[in-house]
Amino acid sequence: MENEKLFNIEIPDFIKLLIGAVESEYFILEPCVNLPTKGKDTTTEVLLVPGIDGCGVVFNHLASSIKFSAITLYYSVNDIDAINVISDTVNRLTEHILSKLRNKTTNFVIVGYSFGSIIAIELTRRLEAVNFKSRLVLIDGAPEQIQTMYAHFTSNWSEVDFQIIILSHIMKMYTGEISSEILLELKKCKSWVERYNVFAKHFLAINTTFSPINLKTLCITIYKHLSAIPQYDPSVLPRIKSPIILLKPTIEISHITLEENYGLHK
């Protein structure tokens, strides 16, 4: 990426579609949070899996419409050296879910939003393995859809480009812009850690509502989840038995050609 391009950096639709703004106070350590629904039926539990930031607040506006008890899952990443992010996340969430709901229910509706569809599918696979029954609802998300978009937009990126685009998008979401001087500083850095520290210094000087620890959690979570997309290969895993409902947008924004069911029949 040449300096001229850095000064006019464009954030691809793929990044804009996956990453939205969340507030600092929405990052919590508890992985399973009861959603205050109006449902009293505990024979079926709704598990809500948020998007790439792992922040379950995206589902809060649905609470009054859910007729069953529901749990919102939070799955941030704090370890920049984490390798098997998806499997580690699924293992951790499964453990908490089974502990929280022991002897309570055997039926689940698992709702995955966007990138969370990958986590939702793997949670379903894990729960099926211990004889729980599940139904999947995927909101504009499926592994093949996400991987196709990833491959289309990132094929010409270096790792440096990748990191700068992620940090630039986060800066623009919360502060409205990123200067050419900051972009040049980011380009000169030798590692993610050094690059993040430069970014955080400038970000926190402009946006004082984000705590340093939550900003770091947000950036690492998004970076590690995006990095995990090309490594995820569901074709080598057993097929799930649970039925799937896919909810698609009425207007396609990405302009990427996909099968009607986003390849979920596979």
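Modeller: Before we start: the radius of gyration here is taken over C-alpha atoms, and the globule rule is 2.2 Å times the number of residues to the power 0.38. Also, this is a predicted model.

Biologist: Okay, so what radius of gyration does the protein chain have, and what would a compact globule have?

Modeller: The protein chain has 19 Å, and a compact globule with 266 residues would be near 18 Å, so the two agree.

Biologist: And what box do the C-alpha atoms fill?

Modeller: Along the principal axes, roughly 55 × 40 × 35 Å.

Biologist: How many helices and strands are in there?

Modeller: Nine helices and six strands.

Biologist: What share of the residues is buried?

Modeller: Buried residues are 49% of the 266. As for contacts with a separation of 6 or more, 79% of them come from residues 24 or more positions apart.

Biologist: Switching topic: how many disulfides does the structure hold?

Modeller: Zero.

Biologist: Remind me, what's a disulfide?

Modeller: A covalent bond between the sulfur atoms of two cysteines.

Biologist: Why no bond for Cys32?

Modeller: The closest cysteine sulfur, in Cys55, is 14 Å from the sulfur of Cys32. A disulfide needs the pair within 2.5 Å, so that's too far for a bond.

Biologist: Is Cys32 buried or exposed?

Modeller: Buried, with a relative accessible area of 4%.

Biologist: And what about Cys189? Which cysteine has the closest sulfur?

Modeller: Cys219, but its sulfur is 13 Å from that of Cys189, so again too far for a bond. Cys189 counts as buried too, at 7% relative accessibility.

Biologist: Last one: how many charged side chains, positive and negative?

Modeller: There are 25 positive and 28 negative ones, and the centres of the two sets lie 7 Å apart.

Methods
Residues are numbered from 1 along each chain as its sequence is written. This is a predicted model: local features need pLDDT of at least 70, side-chain atom pairs count only at pLDDT 80 or more; totals for chains, interfaces and linings use all residues. Side-chain values use heavy atoms; hydrogens and water are left out. Helices (H or I, at least four residues) and strands (E, at least two) are DSSP runs, numbered from the N terminus. Buried means under 20% relative accessible area, exposed over 50%, partly exposed in between (1.4 Å probe, protein chains only). Contact means heavy atoms within 4.5 Å. Lys and Arg count as positive and Asp and Glu as negative; His and the chain ends are not counted. The place of a charge is taken as NZ of Lys, CZ of Arg, CG of Asp or CD of Glu.
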